[in-house]
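Let's take a stroll through a protein model together. Keep the 3D view open and turn it as you read.

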Amino acid sequence: QVQLVESGGGSVQGGGSLSLSCAASGDSRNANCMAWFRQAPGKEREGVALLYTGSGSTSGGTTYYADSVKGRFTVSQGNAKNTIDLRMDSLKPEDTAVYYCAAEFGEEIIEYDCYSGFTLKLGYEYNYWGQGTQVTVSS
């Protein structure tokens, strides 16, 4: 039974910082594709930050970010296997959303598959999702 658990959400004033963590368990394989998504009320789900650690990835993992968070958010591997962190700095009210962690497991997952899932391409949906954690940024 695969499970993804997010933690670290909360409320913060604009300009502040929060750190989120996601722990994936229940599969003996590497979660070489892990990503953060968010969905604000009345808006579509969007990919926020991606970490790919599979074949051909750079040291520490290959990352991608939404333009809206680039330079402010940092995704990185956590201390334990199949965990990722998301450091969010210079938060803005428009960052308010439920943040979800998603993952794919296995060495067969290549960067193209991982990135396509991150960009919500049809047919490349991630199989595993967490329940989400609320991030609220006040003005």
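Start with Leu86, which, neighbours within four places in sequence left aside, is in contact with Leu18, Ser19, Leu20, Trp36, Ala49, Phe73, Thr74, Val75 and Tyr99. Before going on, keep in mind that this is a predicted model. Leu86 sits in strand β8. Is Leu86 buried or exposed? Its relative accessible area is 0%, so Leu86 is buried; the cut-off for that word is under 20%. To get a feel for distances here, look for Ser28: its C-alpha atom is 23 Å from that of Leu86, and the two residues are 58 places apart along the chain.

Now zoom out from Leu86 to the group it belongs to. In soluble globular proteins, nonpolar side chains tend to be buried together. In this model, the largest nonpolar core has 29 residues. Which of its members touch the most others? They are Met34, Trp36, Phe73, Leu86, Met88 and Tyr99. Several strands feed this core with two or more residues each: β3 (18–25), β4 (33–39), β5 (46–52), β7 (73–77), β8 (83–88), β9 (97–104) and β11 (133–138). There is also a second, separate core, made of 10 residues, with Phe37, Leu50, Ile109 and Cys114 among them.

Met34 is a nice place to see how these pieces meet. Skip the residues within four places of it in sequence, and Met34 is still in contact with Cys22, Ala24, Ala49, Leu50, Leu51, Asn82, Thr83, Ile84, Cys101, Ala102 and Ala103.

Two of those contacts, Cys22 and Cys101, deserve a closer look. They are joined by a disulfide, with an S to S distance of 2.0 Å. Cys22 belongs to strand β3 and Cys101 to strand β9, so this bond ties together parts of the chain that are 79 residues apart in sequence. Both Cys22 and Cys101 are buried. The torsion about their S-S bond is about -80°, and so this disulfide is left-handed.

How many disulfides does the whole structure have? A search finds 2. The other one is formed by Cys33 and Cys114, whose sulfur atoms are 2.1 Å apart. Here the torsion about the S-S bond is about 90°, so the disulfide of Cys33 and Cys114 is right-handed. This pair, too, links distant parts of the chain: Cys33 is in strand β4 and Cys114 is in helix α1 (residues 111–118), with their positions 81 residues apart. Cys33 and Cys114 are both buried. If you number the bonded cysteines in sequence order, you get the pairing 1-3, 2-4.

Next, look at how some of the strands line up. One open sheet has 4 strands in the order β1-β3-β8-β7, and they pair in antiparallel fashion. Why do β1 (3–7) and β7 count as edges? Each has a single partner strand, so one side of each is left without a neighbour in the sheet. From one strand to the next, the twist averages 15°. For a close-up of the pairing, try β1 and β3, which run antiparallel and are joined by 5 bridges. One example is Val5, whose bridge partner in β3 is Ala23.

Let's finish with Arg38, found in strand β4. Is Arg38 buried or exposed? With 5% relative accessibility, it counts as buried. What does its side chain make polar contacts with? One such contact, at 2.7 Å, goes to the side chain of Glu46. Another, at 2.9 Å, joins the side chains of Arg38 and Asp95. Setting aside residues up to four places away in sequence, Arg38 touches Glu44, Arg45, Glu46, Val48, Ser68, Val69, Phe73, Glu94, Asp95, Ala97, Val98 and Tyr99.

Pick Val69 from that list and follow it. Val69 is in the loop between β6 (62–65) and β7. At 0% relative accessibility, Val69 counts as buried. Apart from neighbours within four places in sequence, Val69 is in contact with Arg38, Val48 and Asp95. Leu122 lies 53 residues from Val69 along the chain, and their C-alpha atoms are separated by 24 Å.

Methods: Residues are numbered from 1 along each chain as its sequence is written. This is a predicted model: local features need pLDDT of at least 70, side-chain atom pairs count only at pLDDT 80 or more; totals for chains, interfaces and linings use all residues. Side-chain values use heavy atoms; hydrogens and water are left out. A nonpolar core is a set of buried Ala, Val, Leu, Ile, Met, Phe, Trp, Tyr and Cys residues joined through side-chain atoms within 4.5 Å. Buried means under 20% relative accessible area, exposed over 50%, partly exposed in between (1.4 Å probe, protein chains only). Contact means heavy atoms within 4.5 Å. A polar contact is a pair of N or O atoms within 3.5 Å; within protein, one must be able to donate a hydrogen and the other to accept it, and residues adjacent in sequence count only if both atoms are side-chain atoms. Two strands pair if DSSP finds at least two bridges between them. Axes are lines fitted to C-alpha atoms, for helices over the stretch in contact, and angles run from 0 to 180 degrees between N-to-C directions. A disulfide is a pair of cysteine sulfur atoms within 2.5 Å.
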